[in-house]
Structures are given as structure tokens and as C-alpha cells.
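Colleague: I am new to this structure and would like to know what stands behind the words used for it. Shall we take them one at a time?

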Amino acid sequence: MSSAITNGILVTVVSEYIPERSSLSSRQFAFAYTVRIQNQGEAPAQLRSRHWIISDSNGAIQEVRGDGVVGEQPLLQPGQHFEYTSWCVIATATGTMRGSYRMVRPDGDVFD
């Protein structure tokens, strides 16, 4: 599990290997990740976009940018959370994933 907090938004990620979606002979290793985004601050914040950088242990990089997550742009009131699970495939049995979410407050304040 990994977590980080910025401007009252706590993001926690848990990842796991998915053997049934992987193929050793094809060098495709699938990993699921469950993300929980919790507003621990005092003001609402809306998730507008995401930016992920996925690297395998050979140094190959996949970059993912897009609006929202899983087709949604959740507005989190103080105390609320949003959770989703997604997955990715890389060419090695180990790798890393890092990134950010673009959040917007009702007053127009934008932060990652």
C-alpha cells in the first residue's frame, strides 16, 4: 500500500498481480490497482483528470493522461471518498507506477 496527501486529499493505492490476465510466454504481466481518494480537508474538490507514468523493469514507459477516472469526475465533499479499481499490463514481472490527479475547488483553485 502507498499513500500521499496534498491539500487535504488523501490518495491510497493498493496493487496486486493478476495471474489469470498474464502470460509468461508472451511477456505480459497484468497488475490491478485499487485507488481510494478521500477528502480530509475542509473544502470540496473535484477530480478532473489523471496522469500516470507506468514503467517496467526494462525501462519501457507507458504514459496515460485523460479526463477523470473510470469515466467519472467525482466531486468530493469534506469527509467523502471515491474508490475505483483498474489495471495495466507491462512486459516484466516488476515495475512502478506514479502519477497525479488534477483537482479543482469550487473557487477555481487547481492543484495536483
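Modeller: We can start with a pair of charged side chains, Glu83 and Arg36, which meet in a salt bridge at 3.8 Å, N to O. Bear in mind that this is a predicted model.

Colleague: What makes the pair of Glu83 and Arg36 a salt bridge?

Modeller: The cut-off is 4 Å between a side-chain nitrogen of Lys or Arg and a carboxyl oxygen of Asp or Glu. Glu83 and Arg36 are at 3.8 Å, N to O, so the pair meets the definition. Glu83 lies in strand β7 and Arg36 in strand β3, so the salt bridge ties together parts that are 47 residues apart in sequence.

Colleague: Why are Glu83 and Arg36 called partly exposed?

Modeller: Partly exposed covers the range between under 20%, which is buried, and over 50%, which is exposed. Glu83 has a relative accessibility of 45%, and Arg36 has a relative accessible area of 30%. Both values fall in between, so both residues are called partly exposed.

Colleague: How many salt bridges does a search of the whole structure find?

Modeller: The search finds three. Another of them joins the side chains of Glu63 and Arg65 at 3.3 Å, N to O, and both of these residues are exposed. The side chains of Asp112 and Arg102 also form one, at 2.5 Å, N to O. Asp112 lies in the segment after β9 and Arg102 in strand β8, so that pair links parts 10 residues apart in sequence. Asp112 is partly exposed at 44%, as is Arg102 at 36%.

Colleague: How do you know that Asp56 has no salt bridge?

Modeller: The nearest side chain of opposite charge, Arg27, is 7.0 Å away from Asp56. A salt bridge has to be within 4 Å, so Arg27 does not qualify. Asp56, which is in strand β4, is nevertheless buried.

Colleague: Which backbone nitrogen atoms lie by a polar atom of the Asp56 side chain?

Modeller: The backbone nitrogen of Asn58 lies 2.8 Å from such an atom, and that of Gly59 lies 3.1 Å from one. Beyond its neighbours within four places in sequence, Asp56 is in contact with Ile90, Ala91, Thr92, Thr94 and Gly95.

Colleague: Why does His51 count as buried?

Modeller: Buried means under 20% relative accessible area. His51 is at 17%, so it counts as buried. Strand β4 holds His51.

Colleague: What makes the meeting of the His51 and Glu63 side chains a polar contact?

Modeller: Their distance is 2.5 Å. The cut-off for a pair of N or O atoms is 3.5 Å, so this distance passes.

Colleague: Which residues have the most contacts inside the largest nonpolar core?

Modeller: They are Ile9, Val35, Ile37, Tyr84, Tyr101 and Met103, in a core of 15 residues. Strands β2, β3, β4, β7 and β8 each supply at least two residues of this core. A second, separate core has five residues, including Phe29, Ile54, Cys88 and Ile90.

Colleague: How do you know that β2 pairs with β1 and with β3?

Modeller: Pairing takes at least two bridges. Five join β1 to β2, and nine join β2 to β3, so both pairs pass. Each of the two pairs runs antiparallel. Ile5 stands opposite Leu10 in β2, and Ser15 stands opposite Tyr33 in β3.

How values were computed. Residues are numbered from 1 along each chain as its sequence is written. This is a predicted model: local features need pLDDT of at least 70, side-chain atom pairs count only at pLDDT 80 or more; totals for chains, interfaces and linings use all residues. Side-chain values use heavy atoms; hydrogens and water are left out. Helices (H or I, at least four residues) and strands (E, at least two) are DSSP runs, numbered from the N terminus. A nonpolar core is a set of buried Ala, Val, Leu, Ile, Met, Phe, Trp, Tyr and Cys residues joined through side-chain atoms within 4.5 Å. Buried means under 20% relative accessible area, exposed over 50%, partly exposed in between (1.4 Å probe, protein chains only). Lys and Arg count as positive and Asp and Glu as negative; His and the chain ends are not counted. A polar contact is a pair of N or O atoms within 3.5 Å; within protein, one must be able to donate a hydrogen and the other to accept it, and residues adjacent in sequence count only if both atoms are side-chain atoms. Contact means heavy atoms within 4.5 Å.
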